Amino acid sequence: MNTTPLLPNFFAGRWQTGAGNGTTLLDPVLGTPLVRVSNTGLDLAEGFAFAREQGGQALRALSYQQRAGLLGAMVKVLQANRDAYYEMAIANCGTVTKDSAVDIDGGIFTLGYYAKQGEALGDATCLLDGERIRMGKDPLFQTQHVLNPTRGVALFINAFNFPSWGLWEKAAPALLSGVPVIVKPATATAWLTQRMVQDVVDAGILPAGALSVICGSSAGLMDQLQPFDVVSFTGSAETARIIRSHPAVAQRSVRCNIEADSLNSALLDPAATEGSEAFNLLVAEVAREMTGKSGQKCTAIRRILVPRALFDATAQAIGAKLAKTTVGNPRNESTRMGSLVSREQFDSVLAGIAHLKTEAEVLFDGNGAALVDADRAIAACVTPVLLGHRQPAQAQVLHEVEVFGPVATLMAYDDEEQAYALIRRGEGSLVASVYSADPAFMARAALALADSHGRVHMISPDVATSQTGHGNVMPMSLHGGPGRAGGGEELGGLRALGFYHRRSAVQASSVALDVLAASGTPLKY
Ligand code: NAP
């Protein structure tokens with residue numbers, strides 16, 4: 001008999017345990033079993049209909065302000081249980097405290113941010129988009145664009161690296177919009193997502209059907225989607241292709257947001273010198289980005305572009321910082337960087353590094369260092385690797401392959417335009433960061449990179465202590481990116497509500513529009 005606990009799913013308004021043995025989640029450092037997940041035998045049609053009908057109706061009956069109150073109450077429940085979440089993150093994600101915080105506290109912060117934003121929307125039940133527009137010379141007949149919550153369910157298919165933040169950064173704007181949520185966490189780290197949902201459900205904050213969690217297989221979930229539902233996917237480009245071509249999206253026009261992988265860049269000003277503030281800021285951020293969450297961040301810096309004359313100095317400076325990164329068991333206080341999320345990811349990252357090495361030279365490899373309190377044969381621990389290429393225009397793989405671990409490639413450039421062209425070889429990324437003391441260069445770089453990046457992070461010495469970090473996704477700024485990054489948009493303050501609302505042009509007399517306006521509030525960003 002299997003004694004590893006089987007996590008129940010909260011689906012169709014009740015706790016339901018899947019059939020069979022399910023999939024066992026492991027401690028990625030110790031290799032020990034933690035819990036199992038299964039959704040075999042659950043009636044998917046029943047669960048989706050329950051969320052859509054019961055949850056949707058109850059949420060839409062509330063105003064934005066009332067729903068914001070629910071988010072605020074959820075924040076309190078999650079905060080009260082933080083210690084348990086940190087324990088689970090150590091056990092299931094292999095993360096050190098500061099990396100767990102990005103996921104756990106980052107998720108709770110985002111929820112709290114939307115609670116505040118929603119409060120300001122008052123007792124409205126719809127959003128007024130822009131001013132009324134006259135339809136002719138006569139001001140009597142006019143158009144008012146209106147945003148109404150969609151009468152469907154929001155399905156979230158999430159990635160393994162952010163079991164907390166990945167849930168709340170999507171659920172906050174969905175629930176605030178009045179749209180019920182069904183979350184399917186990535187199997188490897190589903191435990192934390194399931195527990196957070198359980199705590200919120202047990203607290204009795206949300207109406208029945210507003211929040212469901214289904215762990216284990218993704219089979220059949222997309223088949224349930226109907227035209228007014230939405231699906232928000234975060235994960236690999238490969239799975240994104242499957243989601244995008246599913247008949248629900250391709251034939252039934254289910255709205256789909258994709259956050260996929262990305263080859264994010266950091267760029268150093270061509271006029272920077274060794275040891276300058278801009279140089280030091282880039283070096284510190286690259287080292288932080290490579291090692292934060294063991295490089296398992298969709299926003300992590302993968303390509304570092306520096307003026308050719310600074311290539312060797314940058315390699316040495318980053319290498320010196322990486323050499324200080326102790327890797328191993330996150331339970332040991334001397335460990336700076338924990339493990340990858342699973343032994344499968346370990347294999348995938350090692351294979352990825354080998355692939356990048358077919359083009360790149362190795363500038364730093366921490367592999368000689370001993371692991372802290374961890375067995376190399378069991379733990380999913382990979383030490384940081386800095387690769388390099390002096391003629392990156394000739395590289396292919398380095399601009400195409402995302403290795404989801406503590407790995408980045410240093411690249412030399414000869415002039416500003418070449419640097420932008422190299423960055424654009426990523427074919428659309430989530431974020432580029434630029435390090436410079438020259439405002440004119442930063443403004444040029446921002447405009448050169450903004451069309452191919454969801455976010456451009458400009459770092460000059462004056463913001464050195466107040467900046468929020470290259471890889472940190474803040475709820476007030478847009479998250480997403482064009483092209484291979486998936487073409488999606490999330491967060492960006494109230495912009496996020498757009499995905500969960502339907503825009504309609506209401507053409508009517510001014511008198512009717514006056515009555516309608518009483519239910520709405522102008523959408524101001
Ligand atoms: P993944 O393998 O694509 O899995 C993502 C999710 O899709 C998981 O929940 C997975 O479930 C599910 N899934 C797998 N096959 C599916 C199918 N045929 N139909 C429907 N769902 C399916 O990605 P991952 O390995 O978890 O995450 C790593 C990747 O995510 C990286 O490439 C990273 O860049 C990207 N990422 C992007 C962002 C962003 O915001 N842009 C954020 C985080 C991560 P199972 O776990 O059960 O297989």
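These are my notes on the ligand site of a predicted model.

I first noted the ground rules. Local features need pLDDT of at least 70, side-chain atom pairs count only at pLDDT 80 or more, and totals for chains, interfaces and linings use all residues. Residues are numbered from 1 along each chain as its sequence is written, and side-chain values use heavy atoms, without hydrogens and water.

**Shell.** I looked up the residues around the ligand, those with a heavy atom within 4 Å of it. There are 26, and Asn-158, Thr-187, Ser-236, Thr-239 and Glu-402 come nearest. I sorted the shell into twelve nonpolar, ten polar and four charged residues; Gly counts as polar, and Asp, Glu, Lys and Arg count as charged.

**Polar contacts.** I looked for pairs of N or O atoms within 3.5 Å. A ligand oxygen lies 2.7 Å from a side-chain N or O atom of Ser-236. A ligand oxygen is also 2.8 Å from a side-chain N or O atom of His-479. A ligand nitrogen is 3.1 Å from a polar backbone atom of Ala-260.

**Cover.** On its own the ligand has 910 Å² of accessible area, and the protein covers 82% of that (Shrake-Rupley method, 1.4 Å probe).

**Elements.** I checked strand S11 (230-234) and helix H7 (237-244), both DSSP runs. Each supplies at least two shell residues. H7 gives the largest share, three residues.

Key. A polar contact is a pair of N or O atoms within 3.5 Å; within protein, one must be able to donate a hydrogen and the other to accept it, and residues adjacent in sequence count only if both atoms are side-chain atoms. Helices (H or I, at least four residues) and strands (E, at least two) are DSSP runs, numbered from the N terminus.
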